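Take a moment to look over the chain before reading on. We will walk through it together, step by step.

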Amino acid sequence: MKIITKGVTQSTLAKEFVALPTPCNDVVYYPAKLADLATEESYTVFQTLSQKSGLAYLVVTQPGTTKIVLAGSKDFINEVYQAIPWSHYEIADGDYQFNYKELPSLQALEDYFTYLKEQ
């Protein structure tokens, strides 16, 4: 597991998706709708996988930016994501399905990670 908290990665819009460079020199994509939610003062968290390296990432969108906050194996990131206690949502478009959770704030997620470390 690697916790990533320094720096913000510049993402770019690619049609209906946002391209997000990863620390492993790959690019992952997420729906532009999540970026739209971030401009409305909403916070979301989702998991994604680098096809290049096989590393999975936990990503947070927040007003003005997107941050990769955790990296690890696909199973580990999925376990952490599934355990996050906030509401789960889905964006569906034809055969495409994307899952995310809304957070009350970035601080709430950081507090949750701190709580997990103490367990």
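In this report, two residues are in contact, or touch, when heavy atoms of theirs lie within 4.5 Å. With that in hand, start at S42: leaving aside residues up to four places away in sequence, S42 touches L37, T61, Q62 and P63. S42 sits in the loop between α1 and β5, and S42 counts as buried because its relative accessibility is 18%, while the cut-off for buried is under 20%. Keep in mind throughout that this is a predicted model.

**The whole chain**

How many helices and strands does the chain have? There are 3 helices and 9 strands. Reading from the N terminus, the elements follow the order β-β-β-β-α-β-β-β-α-β-β-α. The chain has 119 residues, and 41% of them are buried. The exposed surface comes to about 7,000 Å², and carbon and sulfur atoms supply 48% of that area. Contacts also link distant parts of the sequence: among those between residues at least 6 apart, 43% join residues at least 24 apart.

**Two nonpolar cores**

The largest nonpolar core holds 16 residues, and Y30, L34, F46, F98 and Y100 have the most contacts inside it. At least two residues of this core come from each of β3 (17-21), β4 (27-31), α1 (32-39), β6 (56-62), β7 (65-72) and β9 (96-103). Helix α1 gives the most to this core, with 3 residues.

F46 is a good residue to click on. Not counting residues up to four places away in sequence, F46 touches Y30, L34, Y57, L58, V59, T61, Y81, F98, N99 and Y100. Apart from the largest core lies another core, of 15 residues, which includes L70, V80, Y81 and L103.

**Helix α2**

Now turn to α2 (74-83). Its buried residues are I77, V80 and Y81. They cover an arc of only 100 degrees around the axis, so they are on the same side of α2. On the other side of α2, D75 and E79 are exposed. The cover over the buried residues of α2 includes β5, β6, β7, β8 (88-93), β9 and α3.

**Helix α3**

Helix α3 covers residues 106-118, which makes 13 residues. From its first C-alpha to its last, α3 reaches 19 Å, close to the 18 Å expected at 1.5 Å a residue. Which residues of α3 are buried? They are L106, A108, L109, Y112 and F113. These residues are on the same side of α3, because they cover an arc of only 160 degrees around the axis. They pack against β5 (43-49), β6, β7, α2 and β9.

Polar groups appear here too. At the start of α3, a side-chain oxygen of S105 comes to within 3.4 Å of the backbone nitrogen of Q107. The side chain of Q107 is also joined to that of D111 by a polar contact of 2.7 Å. D111 is found in α3, and D111 counts as partly exposed because its relative accessibility is 42%.

**Residues to compare**

Here are some residues with their places and relative accessibility.

| Residue | Where | Relative accessibility | Class |
|---|---|---|---|
| F17 | strand β3 | 24% | partly exposed |
| N25 | loop between β3 and β4 | 63% | exposed |
| I84 | loop between α2 and β8 | 3% | buried |

Let us take these in turn. F17 and Y29 are 12 residues apart in sequence, and their C-alpha atoms are 6.0 Å apart in space.

What is special about the phi of N25? Most residues other than glycine have a negative phi. N25 is a residue other than glycine, and its phi has a positive value, near 65 degrees.

Is I84 buried or exposed? I84 counts as buried, because its relative accessibility is 3%. Not counting residues up to four places away in sequence, I84 touches V45, L58, K101, L103, L109 and Y112. Among these partners, V45 is 39 residues from I84 in sequence, and the two are 9.2 Å apart in space, C-alpha to C-alpha. L109 and Y112 are also among the buried residues of α3, and L103 is one of the residues of the 15-residue core.

How values were computed. Residues are numbered from 1 along each chain as its sequence is written. This is a predicted model: local features need pLDDT of at least 70, side-chain atom pairs count only at pLDDT 80 or more; totals for chains, interfaces and linings use all residues. Side-chain values use heavy atoms; hydrogens and water are left out. A nonpolar core is a set of buried Ala, Val, Leu, Ile, Met, Phe, Trp, Tyr and Cys residues joined through side-chain atoms within 4.5 Å. Buried means under 20% relative accessible area, exposed over 50%, partly exposed in between (1.4 Å probe, protein chains only). Helices (H or I, at least four residues) and strands (E, at least two) are DSSP runs, numbered from the N terminus. The expected span of a helix is 1.5 Å times one less than its number of residues. The arc is that of the directions from the helix axis to the C-beta atoms. A polar contact is a pair of N or O atoms within 3.5 Å; within protein, one must be able to donate a hydrogen and the other to accept it, and residues adjacent in sequence count only if both atoms are side-chain atoms. Accessible areas come from the Shrake-Rupley method with a 1.4 Å probe; for residues, only the protein chains shown count as cover.
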